[in-house]
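Trainee: I am new to this model. Could you take me through a close look at one binding site and what lies around it?

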Amino acid sequence: MAFDLDMIKKVYNNYGPRIEAARKVVGKPLTLTEKILYAHLWEGNATQAHERGITYVDFAPDRVAMQDATAQMALLQFMQAGRPTVAVPSTVHCDHLIQAKIGADIDLETANTQNKEVYDFLASVSNKYGIGFWKPGAGIIHQVVLENYAFPGGMMIGTDSHTPNAGGLGMIAIGVGGADACDVMAGLAWELKFPKLIGVKLSGKLSGWASAKDVILKVAGILTVKGGTGAIVEYFGEGAKSLSATGKGTICNMGAEIGATTSVFGYDDKIATYLKGTERAEIARLADQIKEHLTGDDEVYANPHNHFDQVIEIDLSTLEPHINGPFTPDMAWPLSQFAAAVKENGWPQTLEVGLIGSCTNSSYEDISRAASIAQQAVDNKLVSKAEFTITPGSELVRYTVERDGFLKTFENMGGVVLANACGPCIGQWARHSDDPTRKNSIITSFNRNFKSRNDGNPNTHAFVASPELVTAMTIAGDLAFNPMTDTLTNSAGERVKLEEPQGLEMPIKGFDVEDAGYQAPAKDGSKVNVIVDKKSSRLQLLDSFKAWEGTDIKGLKLLIKAKGKCTTDHISMAGPWLKFRGHLDNISNNMLIGATNFFNDKADTVKNQFNGEYGPVPATARAYKAKGIGSIVVGDENYGEGSSREHAAMEPRHLGVRAILVKSFARIHETNLKKQGMLALTFVDANDYDKIREDDSIDITSLNDFAPAKPLNIVLNHIDGTTDTFNVNHTYNEQQIEWFRAGGALNIIRMNQ
Ligand code: MIC
Ligand code: SF4
């Protein structure tokens, strides 16, 4: 048994008393989100102030989950915290570093050889500090967590932005940077700005081609990539109860794409069924005993407008399948309008590859529904026009869907089954293309479709849809195809219409697996040695960052003024760079290489103010650093959208950037910057962005009066001798200001060791 039943019992025992205590303070009916949050207040302190969207509150999460690409940095930091074991149950999952090239077995073997050093490091650190270790091939973090660890009413943090997947089982699960994980594993409180609440009322019932994925594709269209910022999204209503637990997981997972802190569903029969089907009947039994606490109060759902900051209503019975993209996950198209959009926008109509799976969509239900479409292709002699890949989310699902014949069906349709890992979703994809300069289209059941994400090619137009729709589109090889209305011609020249997908929420014969891939830690890890080779190109022990010098920061050189979308993929690209996630100096060579320079519209070409020459961003930052001069990065809206990777904050810190000044931040990235002792600042007046010139030297003043809610001051020293001055905002609280002063949060933990 991998999950920790004693911990769950303890959480449930506290539930009633804590919620009643909070109820007295709040004095009004409670949403589910509030109940879970109040049940996890640090030291049960019900009197902590909690103004939505305003106050920071301390919480005590029950679990930590880390994936291999972010765990390296999280654990390198934890190793410096001086603790003998982790304070809460924690796990590491090896999923991001496996490259998809040929097929599951060979790719896994290659990964085991190429990443040996990193896997050995993660395995031995886990063994030493009491962390559960899921080997390469075991599956993708969120699917494995859903199958083993997620529980209704729990609270978890994970070093990956799609951690909210566990909301499908009624858990508040939040994506964070490694430094946050390090704090919780070290036994400290975890703070979060008390979220705003968005309620999504689902009525009706899905049918035909519509699936859970279409709910979140539609919500993304309504809320956009920024709309969920600072909020937790709570789904409720009869429609919510009709969705399978894994369908709920899909919705919560992709909630990361609207910037939401997390998303959550209340405990219901579907969740109980899933728990029982995954050998956790005992948890369902315990949850039944405190059922009333694991859903919102009746009054809340009867009059949601009185209790949520925003309410959205969706009728599942009339919901159309959606396709979102290209280049951003919130460009939502109902299927019936998509073909016209493809033509009007001149997107490449030929579909070259369809990819299903990923942490978002690889449940038994997803695979069985997609297979029902693939089977029709085989039965009706339809030859798939596009390439097709399948990435199972876990070994449990893979083993079971193989047993039940679905993988064979995909292979019969011409599909290639990849390893149970992130693969193409994170750019770990050796895509074979005859001409990478050609504009081309792919469609996936993943969640992100930023430029260059899947195959590193900016000419690839990536669209996102449900696995069943991806399968149908793949067969057609044509983005203008609508399986609900159009027919296809088979190899015998006959017209064939695909029938609606059919699937099963849970396997009739139950789940099965030979080796799920779990390795329990040593009972006493004190003797376990963790070795990091000094000459390694992949792992590097961390040095501490310097504390603040105690004065205003003057003469910072503008490193880059980034224009437009600047996601964590632009700041610290994944794909080929994933191999350096444990080596801060080496990975810093990808810093901001994807960002567009406002002054020349080019990526990775910025002016070195000392010699006037244009060069790569990392090299320019290193040149300033070598002279002992700091720099500053300026950016646009929603800067740092996307991933939880703290490398996007540590790299600038390492290369001498002192402040990031933008129109607005994405939540996880803003916190990551604060944790590393950086200044994360926002323009009071967004028009001040226009005042920043390419040759500016910039001062940040009033730092001696740095205080919560008090703006700081910026002086732009232009090269012609003129200056501009304006105020900038920040969201630092007292404690976060301490992090800045100490040069990073870790320096404080170390001091208190
Ligand atoms: C992603 O989907 O972008 C990732 C790769 O899973 C990231 C984590 C990472 O960068 O390692 C995430 O979503 O946080
Ligand atoms: Fe992996 Fe993709 Fe899921 Fe991120 S979104 S965890 S890269 S499968």
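Mentor: We begin at the ligands and then move outward to a loop and a sheet. This is a predicted model: local features need pLDDT of at least 70, side-chain atom pairs count only at pLDDT 80 or more, and totals for chains, interfaces and linings use all residues. Residues are numbered from 1 along each chain as its sequence is written, chains are lettered from A and ligands numbered from 1 in the order in which they are written, and side-chain values use heavy atoms, with hydrogens and water left out.

Start with ligand 1. It is surrounded by 14 residues. Here a residue is near a molecule if one of its heavy atoms lies within 4 Å of it. The closest are Asp160, Ser161, Arg453, Arg581 and Arg645. Sorted by class, this shell holds 5 charged, 7 polar and 2 nonpolar residues. In that sorting, Ala, Val, Leu, Ile, Met, Phe, Trp, Tyr, Cys and Pro are nonpolar, Asp, Glu, Lys and Arg are charged, and the others, Gly among them, are polar.

Now look at the oxygen atoms of ligand 1. One of them is 2.7 Å from an N or O atom in the side chain of Arg453. A polar side-chain atom of Arg448 lies 2.8 Å from an oxygen atom of the ligand. Ser644 uses its backbone: a polar atom there is 2.8 Å from a ligand oxygen. The protein covers 97% of the 330 Å² of accessible area that ligand 1 has on its own. That area comes from the Shrake-Rupley method with a 1.4 Å probe.

Next, ligand 2. Asp160 and Arg453 return in its surroundings. The residues around ligand 2 also include His96, His142, His162, Cys359, Cys422 and Cys425. Its shell has 5 nonpolar, 5 polar and 2 charged residues.

Ser358 is another residue around ligand 2. Look at its backbone. Phi of Ser358 is near 85°, a positive value in a residue other than glycine. Ser358 sits in the loop between β14 (351-357) and α15 (364-379). Helices (H or I, at least four residues) and strands (E, at least two) are DSSP runs, numbered from the N terminus.

Another loop has its own backbone feature. Gly325 and Pro326 are joined by a cis peptide bond, with omega about 0°. Pro326 lies in the loop between β12 (322-324) and β13 (332-334).

Last, a sheet. It is open, has 4 strands in the order β10-β9-β8-β11, and pairs in parallel. Two strands pair if DSSP finds at least two bridges between them. β10 (262-265) and β11 (310-315) stand at the edges with a single partner strand each, so one side of each has no neighbour in the sheet. From one strand to the next, the twist averages 20°. Strand β9 (residues 231-236) runs parallel to β10, joined by 4 bridges. Within that pair, Tyr235 stands opposite Phe265 in β10. Helix α8 (residues 212-223) packs on the sheet and touches β8 (196-203), β9 and β11. Contact means heavy atoms within 4.5 Å. The direction of α8 makes about 140° with that of β11. Such angles run from 0 to 180 degrees between N-to-C directions, with axes as lines fitted to C-alpha atoms, for helices over the stretch in contact.

Conventions:
A polar contact is a pair of N or O atoms within 3.5 Å; within protein, one must be able to donate a hydrogen and the other to accept it, and residues adjacent in sequence count only if both atoms are side-chain atoms.
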